[in-house]
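This report goes through one protein chain, from its overall make-up down to a single residue. Please look at the sequence and the model before reading on.

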Amino acid sequence: MAAAAASGSGTPREEDGPAGEAVASQPPAPTTAPGARLSRLPLARVKALVKADPDVTLAGQEAIFILARAAELFVETIAKDAYCCAQQGKRKTLQRRDLDNAIEAVDEFAFLEDWALTLPSLLH
């Protein structure tokens, strides 16, 4: 077994567990390719939005990155839920009503209900 562990193939392998049964080892942690972006949102834009808040005096680069990542996850989540609403209507294209339906259907989006009502007046 020592020879198999020393092979360094980089692929998950089975090892004997405490009771003698085969247990798959953990896969290696994913690595990012050189030049790959950790955030899909432009950090300079996120920083500008954070600095626009009069209550914020300083914002570290780590905080900006975490806020950008949280925004990405939020947009991904609401988009997936809105897409489910579109699929229920047998459509593949998201429409405003799909976002409204997702906001109404998912409790975690309840904080957006008042905002969704005022959005049309903000756009005109």
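Helices and strands are here runs assigned by DSSP, with at least four residues for a helix and at least two for a strand, numbered from the N terminus. Read in that direction, the elements of the protein chain follow the order α-β-β-α-α-α-α. That gives five helices and two strands.

The model is predicted. Mean pLDDT for the protein chain is 78, and 63% of its residues reach 70 or more. Among the elements, the lowest and the highest mean values belong to the two helices below.

| Element | Mean pLDDT |
|---|---|
| helix 1 (residues 2-5) | 46, the lowest |
| helix 3 | 95, the highest |

Over residues 1-15 the pLDDT is below 50, and this stretch has 16 contacts in the model beyond near neighbours in sequence. Where pLDDT is low, the predicted coordinates should not be read in detail.

The protein chain has 124 residues, of which 17% count as buried. The area it exposes is about 9,900 Å², and 60% of this comes from carbon and sulfur atoms. Of the contacts with a separation of 6 or more, 27% are between residues 24 or more positions apart.

Helix 3 covers residues 61-88. Does its length fit its number of residues, or what span should be expected? At 1.5 Å a residue, its 28 residues should span 40 Å, and the end C-alpha atoms lie 41 Å apart, which agrees. After helix 3 comes K90, with a positive phi near 60 degrees.

The buried residues of helix 3 are I64, A68, E72, I78, A82, C85 and A86. They pack against helix 2 (43-51) and helix 4 (96-105).

In helix 4, the buried residues are D98, A102 and I103. Seen down the axis of helix 4, these fall within an arc of 140 degrees, so they line one face of the helix.

One residue of helix 3 can be followed further: E72. Is E72 buried or exposed? Its relative accessibility is 9%, and because buried means under 20%, E72 counts as buried. Leaving aside residues up to four places away in sequence, E72 touches S39, R40 and L41. With R40 there is also a polar pair, as the side chain of E72 reaches the backbone nitrogen of R40 at 2.5 Å.

Terms used: Residues numbered from 1 in each chain as written. Predicted model: local features only at pLDDT ≥ 70, side-chain atom pairs only at ≥ 80, totals over all residues. Heavy atoms only, no water. Expected span 1.5 Å × (residues − 1). Buried < 20%, exposed > 50% of the residue type's maximum accessible area, 1.4 Å probe, protein only. Contact = heavy atoms within 4.5 Å. pLDDT = per-residue confidence, 0-100. Arc of directions from axis to C-beta. Areas by Shrake-Rupley, 256 points an atom, 1.4 Å probe, with all protein chains shown as cover. Polar contact = N/O pair within 3.5 Å; in protein donor to acceptor, adjacent residues only side chain to side chain.
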